[in-house]
Amino acid sequence: MADRHPLEGRPTPGWIARSAIEGAVFALAHSLIAGFARWISGLSLSSDLGAVIVNTISIGFATNYLRYAAILLAYQAVVYHDAIRERDRRAAKLEIDLAHAALANVEACLRPHFLFNTLNAIAALLRDDPRLAEKMIGELSDLLRVSLSAEPSREVRLDEELAFAEKYLELERLRFQDRLRVTIDAPADVRAALVPHLLLQPLVENAVRHGIGPLEAGGSIAVAAGRENGTLRLTVSDDGVGIGEAAGSGGIGLRGVRARLVHFYGSGYRFDLVPVVPHGTAVNVEIPFRTAGS
């Protein structure tokens, strides 16, 4: 009966009436069977079957009704608990699927975003410096090959992410020639840390486009990584025009970084975009330090 009429939420008058009727039928049937069993086995005090059944009903009906109610409520509690767990499981799966879909959408936007910017730079150099444009095409080919062969888990070692960012910065150095200077400081003990794929590239691209790009004299970009108390700290800084003049220009790159951090770490991360004195901008990211074996 509990399987046929499961209790979902508050009991309705119809559910209560149906259960009460079914309980009465159950208690009556149990009393009839018990009375007949006593009579046919010779355990009853009377030889009259009708009297035995009447006595059994009058004595055991209430007890049987309560027993039915207890069994029904206990089983309904189990069914309700299982239903809640299944609903939570489906909700969690739906949330994960939505997160993956959102992340896939961000990733689909990031790649063309970077690719179109680079192709525009190459197009601008084709007439003025065809040899440099040709070299940039070769560097872009290498970069795309690394990007397309990335692990589908969307989490990679920091040294792989640094290598990807270095290739991108090398491509930009060709475009800027001697106007762009790059330093990377990442000790060996932090290079095995796991980070979301395409975490650094949007940050260095943002620094190049909005920090160094507007300056005729160019500038410097520094990428640093460190470990402190179970936390991996990543910093991408530049000495460009500064956050005041480039505010709000991060666009899809920084939004994509935040989306990845939320997906992987929930609220367990830190992301700061801060000004650098005397001029420039720094992006600080702090995430839990973990490796593939941890």
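What follows is a friendly exchange about how some features of this predicted model earn their labels.

Biologist: Let's begin with the aromatic residues. How many aromatic pairs does the structure hold?

Modeller: Four aromatic pairs are found. One of them joins F26 and Y68, whose ring centres lie 5.1 Å apart with the planes at 40°.

Biologist: What makes F26 and Y68 a pair, and is that pair stacked, edge-to-face or tilted?

Modeller: Centres must lie within 6.5 Å, and those of F26 and Y68 are 5.1 Å apart, so the two rings pair. Stacked needs planes under 30 degrees apart and edge-to-face needs over 60; the angle here is 40°, so the pair is tilted.

Biologist: Which parts of the chain does the F26 and Y68 pair tie together?

Modeller: F26 belongs to helix α1 and Y68 to helix α2 (residues 49-125), so the contact links parts that are 42 residues apart in sequence.

Biologist: Why is Y68 called buried?

Modeller: Buried means under 20% relative accessible area, and Y68 has 9%, so Y68 counts as buried.

Biologist: And why does F26 count as partly exposed?

Modeller: F26 has 31% relative accessibility, which falls between the 20% limit for buried and the 50% limit for exposed, so partly exposed is the right label.

Biologist: Now to F36 and W39. How do you know that this aromatic pair is tilted?

Modeller: The planes of F36 and W39 are 35° apart. That angle is neither under 30 degrees nor over 60, so the pair is tilted. Their centres are 6.0 Å apart, and the cut-off for a pair is 6.5 Å. Both residues lie in helix α1, three residues apart, about one turn of the helix.

Biologist: What makes F36 and W39 eligible for a surface patch?

Modeller: A patch residue needs over 30% relative accessible area and no salt bridge. F36 has 39% and W39 has 31%, so both pass the area cut-off. Together with I40, they form a nonpolar patch with about 300 Å² of accessible area.

Biologist: How do you know that the charged end of R227 sits over the ring of F289?

Modeller: The distance from the ring centre is 3.9 Å, and the limit is 6 Å.

Biologist: Finally, why is helix α5 called mostly covered?

Modeller: Twelve of the 13 residues in α5 are buried, among them L200, V204, H210 and I212. Helix α5 (residues 200-212) reaches 17 Å from its first C-alpha to its last, close to the 18 Å expected.

Notes. Residues numbered from 1 in each chain as written. Predicted model: local features only at pLDDT ≥ 70, side-chain atom pairs only at ≥ 80, totals over all residues. Heavy atoms only, no water. Patch = residues over 30% accessible without salt bridge, like charges linked within 9 Å, V, L, I, M, F, W, Y side chains within 5 Å. Areas by Shrake-Rupley, 256 points an atom, 1.4 Å probe, with all protein chains shown as cover. Salt bridge = Lys/Arg side-chain N within 4 Å of Asp/Glu carboxyl O. Helix = DSSP H or I, 4+ residues; strand = E, 2+ residues; numbered from the N terminus. Buried < 20%, exposed > 50% of the residue type's maximum accessible area, 1.4 Å probe, protein only. Lys NZ or Arg CZ within 6 Å of the ring centre and 35° of its normal. Expected span 1.5 Å × (residues − 1).
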